[in-house]
Amino acid sequence: MELLGFVLAFIVGVSLGLVGSGGSILTLPILAYLFLLDEKVATAYSLFIVGIAALVGGIKQSRNNNVDWRTAIIFGIPAIIGVWLVRHFLVPELPDVLFNLGDFKFTRRMGMLGLFAVLMIWAALAMLTNKKAKIRTRKVNYNYPLILIEGLITGAITGFVGAGGGFLIIPVLVILSNLEIKKVIGTSLIIIAFKSLIGFFLGDALAMTIDWNFLLIFSLITVSGIFLGVFLGKFVNEQLMKKAYGYFIIVMALFIVTMEFVI
């Protein structure tokens, strides 16, 4: 199972390099179901792994002029604050059982992974129903109060579920900007990298014992997959890539729901 986990770690990198997202969608189930880590540790490690991988991919995309730095900074700063607040103050205080409904116990694990699955389906539907032709002429909306709120909410949510948040960031950037999908992907990688790593180091790394050997090995394997993903992205049709990614998110969401609430 661990060998399969490390093989899938490489696929995580390919996903990040190819579509600028999807790393946490694979990483979190790998850590939770193949390496059998509890939800707090799995979500923390997911932030670090995806953050490192996204940083490498973002730097490479920046060299290809596929990063809009103004958008990354305006959206990224409040998102970083949101992640840090949740990982440092909220997650460590959550009880094992959030509430009871008769004999049914709704656990912290169900809450974190269940919300993760719901957000995945929402993001997938946003990607699948978005009409690129209708939004291409729209400009980036620099309504600072709105962007502050969006960044805080996105950061808080992704901090709670331990996700890099690309599956939330990409639809928002596509809807609010006239950036082509490849530039949206590059920009999302930079945002994911900084908010994930800062959230991890200022939150989880101060509150739990970290297995650095495991984290660095997993991260190195993931980073190696990014380069293949970025290369393949040059030959993949943009609309086809978005659709395939959307359907993939739905499949993974249903898998998580089945594992947590059915089996």
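Begin by selecting Gly102 in the hairpin of strand 1 and strand 2: 2 residues lie between these strands, and Gly102 takes a positive phi near 70 degrees. Helices (H or I, at least four residues) and strands (E, at least two) are DSSP runs, numbered from the N terminus. Residues are numbered from 1 along each chain as its sequence is written. The model is predicted, and local features need pLDDT of at least 70, side-chain atom pairs count only at pLDDT 80 or more, totals for chains, interfaces and linings use all residues, and side-chain values use heavy atoms, with hydrogens and water left out.

**The hairpin**

Extend the selection to strand 1 (residues 97-101) and strand 2 (residues 104-107), which run antiparallel and are joined by 4 bridges. Two strands pair if DSSP finds at least two bridges between them. Leu101 can be selected next, with Phe104 of strand 2 opposite.

**The whole chain**

Now display the entire chain, which has 11 helices and 2 strands. From the N terminus, the order of elements is α-α-α-α-β-β-α-α-α-α-α-α-α. Of the 263 residues, 54% count as buried; the term means under 20% relative accessible area, with exposed over 50% and partly exposed in between (1.4 Å probe, protein chains only). Among contacts with a separation of 6 or more, 83% are between residues 24 or more positions apart, where contact means heavy atoms within 4.5 Å.

Colour the chain by pLDDT, the predictor's confidence in each residue, from 0 to 100. The chain averages 82, and 89% of the residues score at least 70. Residues 132-138 should be viewed with this colouring in mind: pLDDT stays under 50 there, and the model has 14 contacts beyond four places in sequence for this stretch.

**The nonpolar core**

Select Leu31, Tyr45, Phe116, Met120 and Phe218, the residues with the most contacts inside the largest nonpolar core, which has 62 residues. Helix 9 (residues 181-202) supplies the largest share of this core, 10 residues. Such a core is a set of buried Ala, Val, Leu, Ile, Met, Phe, Trp, Tyr and Cys residues joined through side-chain atoms within 4.5 Å. In soluble globular proteins, nonpolar side chains tend to be buried together.

Centre the view on Tyr45. Leaving aside neighbours within four places in sequence, Tyr45 is in contact with Leu31, Leu37, Thr209, Ile210, Asp211, Phe214 and Leu215. Tyr45 also belongs to an aromatic cluster with Phe6, Phe35, Phe214 and Phe218.

**Aromatic pairs**

The whole structure contains 18 aromatic pairs. One of them is formed by Phe48 and Trp212, which are edge-to-face at 5.6 Å centre to centre with 80 degrees between the planes. Rings of Phe, Tyr and Trp (its six-membered ring) pair if their centres lie within 6.5 Å; planes under 30 degrees apart count as stacked, over 60 as edge-to-face and the rest as tilted. This pair links distant parts of the chain, with Phe48 in helix 3 (residues 39-63) and Trp212 in helix 10 (residues 212-233), 164 residues apart. Phe48 counts as buried at 4% relative accessibility, whereas Trp212, at 35%, counts as partly exposed.

Move next to Phe200 and Phe201, whose ring centres are 5.1 Å apart with planes at 80 degrees, so this pair is edge-to-face. Phe200 is buried, with a relative accessible area of 0%, while Phe201 is partly exposed at 37%.

**Two buried polar residues**

Return to helix 10 and select Ser219, which counts as buried at 5% relative accessibility. A polar atom of the Ser219 side chain lies 2.7 Å from the backbone oxygen of Leu215. Not counting residues up to four places away in sequence, Ser219 touches Phe48, Ile49 and Ile52.

In helix 3, select Glu39, which is buried with a relative accessible area of 10%. What does the side chain of Glu39 make a polar contact with? The partner is the side chain of Arg108, at 2.7 Å. A polar contact is a pair of N or O atoms within 3.5 Å; within protein, one must be able to donate a hydrogen and the other to accept it, and residues adjacent in sequence count only if both atoms are side-chain atoms. Beyond residues up to four places away in sequence, Glu39 touches Arg108, Arg109 and Met112.

**Two loops**

Finish with Leu36, in the loop between helix 2 (23-34) and helix 3, and Asn65, in the loop between helix 3 and helix 4 (69-90). Most residues other than glycine have a negative phi, and most peptide bonds are trans. Leu36, however, has a positive phi of about 55 degrees, and Asn65 has a positive phi of about 60 degrees. Leu36 counts as exposed at 69% relative accessibility, and Asn65 is exposed with a relative accessible area of 54%.
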